[in-house]
Amino acid sequence: MNSPLAGLPAPLLALGLAVVAVSASDGPVPPGLGSVLAPSAPVGRSAQSPATVVRVPISGTIELGVAPFVARALSEAAESGAPAVIIELDTPGGRVDAAWKIIDDLRDSEVPTYAYVNRRALSAGAMIALATDRIYMRPGSTLGAATPVTGEGEKAPEKMVSAMRSEFRALAEERGLDPLIAEAMVDESIEVPGVSEAGRLLTLTTDEATALGVADAEVRDLIELLEVMRLPAAPVREVQPNWAEAIVRFLTNPAVAPLLLSLGFLGLIVEVRTPSFGVAGAVGLASLAAFFGAHHLVHLAGIEEILIFGAGVVLIALEVFVIPGFGIAGILGAGAILGATVMGMVGQVPTFDQVFNAAGLVSLSIILVGVATWALVRHLPRSKRFSGLFLRASTSRETGYLSMPPREDLIDALGVTSTDLRPTGVAIINDERIHVVTEGPWLEAGTPIRVLEVASGRVLVRRAKRAPTAENRNEV
């Protein structure tokens, strides 16, 4: 019987046998066979399940704690081999220094990043969107309005505006966009012909952004976004802040930071006024440690601020435990702590406005400490809830409370010292042993004395001319 392989050319027959051998042994494919053996379906993880797309939501005000959250999400996406990271934005903006840190991480990301503007990406949010590889916008969304403002809501100084304008221009050039459009989002004095006139800050709608090429496409939802990204079957994993990032974000909140400073300063002030280290000092140090630790994690407080703060604590400790009173060490320590606190709130390249706001926040904390101390001292002892913590009643002579019975009968009485008075000792007065104190030189035992004064249990005596007799006890 003839074999079905009979008549095949020898090279083709050898190729077929090699394929069978490789398939049976699950070994590596010899060089040159890759194109011949290429399957119709993708090989590896994509053949079993598509790679997971990472979704990073940024909503609300961009605070200092958002930056480490985004950095962790990008790192996890790179480690897991994610094909893309979607930065979903719905934010009115926030701190520029936090946005700068996020932008640096997006630029250095190993995974392609895509911005999905879900409602609005204004101010710092617009800068984050421009830092991604592509921008997609939901219908009815807005992008722009990036003029930096101060804490009072007023326009920032020209130095800050110029820095933001340059940042937007660099991001636009990096993405191949018109730099003038990006600058007009920051500075209302810039005119973009046919788009925005001078004196009007540029904010783009979804249609305007797509028409100008700022946004790549309009998408209705996440499903359509994945289709546009050519990842229609890819699962999506949403990254949420972990407990540590949530704590850092809470501790760096503008409403919480003054409270930490107030507790820290109040604890140190109380500790300075007490003879030993106690609960007040521990609470103060813990509050300041939480403040500096959280700001260090968000890259505001560096090692310099922490060292200055530590030096201030050491000086305060010297003032409390070593040096009596409150002097130069305490003043230098307090100044070092206050200076480190201000430095830890303004970042590495602060503006005058940021320094002024930080100093104002520290001053506000000090005022709160003063008011709280006054309120505690004045009102807490009268509180019914905390009445058990304080002794309201006083012991006075008028109400019948004395440390010892009054002894006016001893005044001008004569006696004899029973022991040496150096300057205290025992004397016999009116046939009674009494502890006395001499007003002058030390007296030997057996010396006649006269009582000068009796006050608060203290019997003051001096040398008498003669010893008392039964007939005349009060002669001098």
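How many helices and how many strands does the chain have? The chain has 16 helices and 13 strands. The model is a predicted one, and the values below are computed from it.

**Overall features**

The chain holds 476 residues, and 37% of them are buried. Its accessible surface is about 26,300 Å², and carbon and sulfur atoms contribute 60% of that area. Among contacts in the chain with a separation of 6 or more, 59% are between residues 24 or more positions apart.

**Helix α4 and its surroundings**

Helix α4 covers residues 66-80. Its 15 residues should span 21 Å at 1.5 Å a residue, and the C-alpha atoms at its ends are 21 Å apart, so the expected and modelled lengths agree.

The buried residues in α4 are V66, A67, F69, V70, R72, A73, L74 and A77. R72 is thus listed as buried along with residues such as V70 and L74. What do these buried residues pack against? Their partners are strands β1 (53-59), β2 (85-91) and β3 (113-122), together with helices α5 (96-107) and α11 (243-251).

S75 also belongs to α4. It counts as partly exposed because its relative accessibility is 36%, a value that falls between the 20% and 50% cut-offs. The C-alpha atom of S75 is 9.3 Å from that of D105, although 30 residues separate the two along the chain. After α4 comes G81, which has a positive phi near 70°.

**Buried positions in other helices**

E167 is part of helix α7, which runs over residues 158-175. Is E167 buried or exposed? Its relative accessibility is 18%, so E167 counts as buried; the cut-off for that class is under 20%. When neighbours within four places in sequence are left aside, E167 is in contact with W100, I103, R107 and M127.

T206 lies in helix α9, which comprises residues 206-212. With a relative accessible area of 2%, T206 is buried. Not counting residues up to four places away in sequence, T206 touches M137, R138, P139, G140, S141 and E218. T206 and V117 are 89 residues apart in sequence, and their C-alpha atoms are 9.0 Å apart in space.

I316 is located in helix α14, residues 303-321. I316 is buried because its relative accessible area is 10%. A distance of 9.5 Å separates the C-alpha atoms of I316 and I337, which are 21 residues apart along the chain.

The C-alpha pairs mentioned in this report are collected here.

| Residue pair | Separation in sequence | C-alpha distance |
|---|---|---|
| T206 and V117 | 89 residues | 9.0 Å |
| S75 and D105 | 30 residues | 9.3 Å |
| I316 and I337 | 21 residues | 9.5 Å |

**Backbone exceptions around β10**

Most residues other than glycine have a negative phi, and most peptide bonds are trans. Where does the model depart from this pattern?

The peptide bond from R422 to P423 is cis, with an omega near -10°. P423 sits in the loop between β9 (414-417) and β10 (424-429).

The loop between β10 and β11 (432-438) contains N430. N430 is not a glycine, yet its phi is positive at about 55°. D431 is in the loop between β10 and β11 as well, and D431 has a positive phi of about 65° although it is not a glycine. Which accessibility class does N430 fall into? N430 is partly exposed, since its relative accessible area is 33%. D431 is exposed, because its relative accessible area is 68% and the cut-off for exposed is over 50%.

**The internal cavity**

Searching the whole structure gives one cavity of 30 Å³ or more. The space in the largest cavity is about 30 Å³. Which residues line the largest cavity? The lining consists of L130, A172, L177, D178, I181, A182, M185 and V214. By type, these divide into seven nonpolar residues, no polar residues and one charged residue. The charged member is D178, because Asp counts as charged. A172, one of the lining residues, falls within the range given for helix α7, residues 158-175.

How values were computed. Residues numbered from 1 in each chain as written. Predicted model: local features only at pLDDT ≥ 70, side-chain atom pairs only at ≥ 80, totals over all residues. Heavy atoms only, no water. 1 Å grid on protein atoms, 1.4 Å probe; cavity = no way out; pocket = protein on both sides within 12 Å on 5 of 7 lines; lining within 4 Å. Points joined across faces, edges and corners; volume = space filled by probe spheres on them. Helix = DSSP H or I, 4+ residues; strand = E, 2+ residues; numbered from the N terminus. Buried < 20%, exposed > 50% of the residue type's maximum accessible area, 1.4 Å probe, protein only. Contact = heavy atoms within 4.5 Å. Areas by Shrake-Rupley, 256 points an atom, 1.4 Å probe, with all protein chains shown as cover. Expected span 1.5 Å × (residues − 1).
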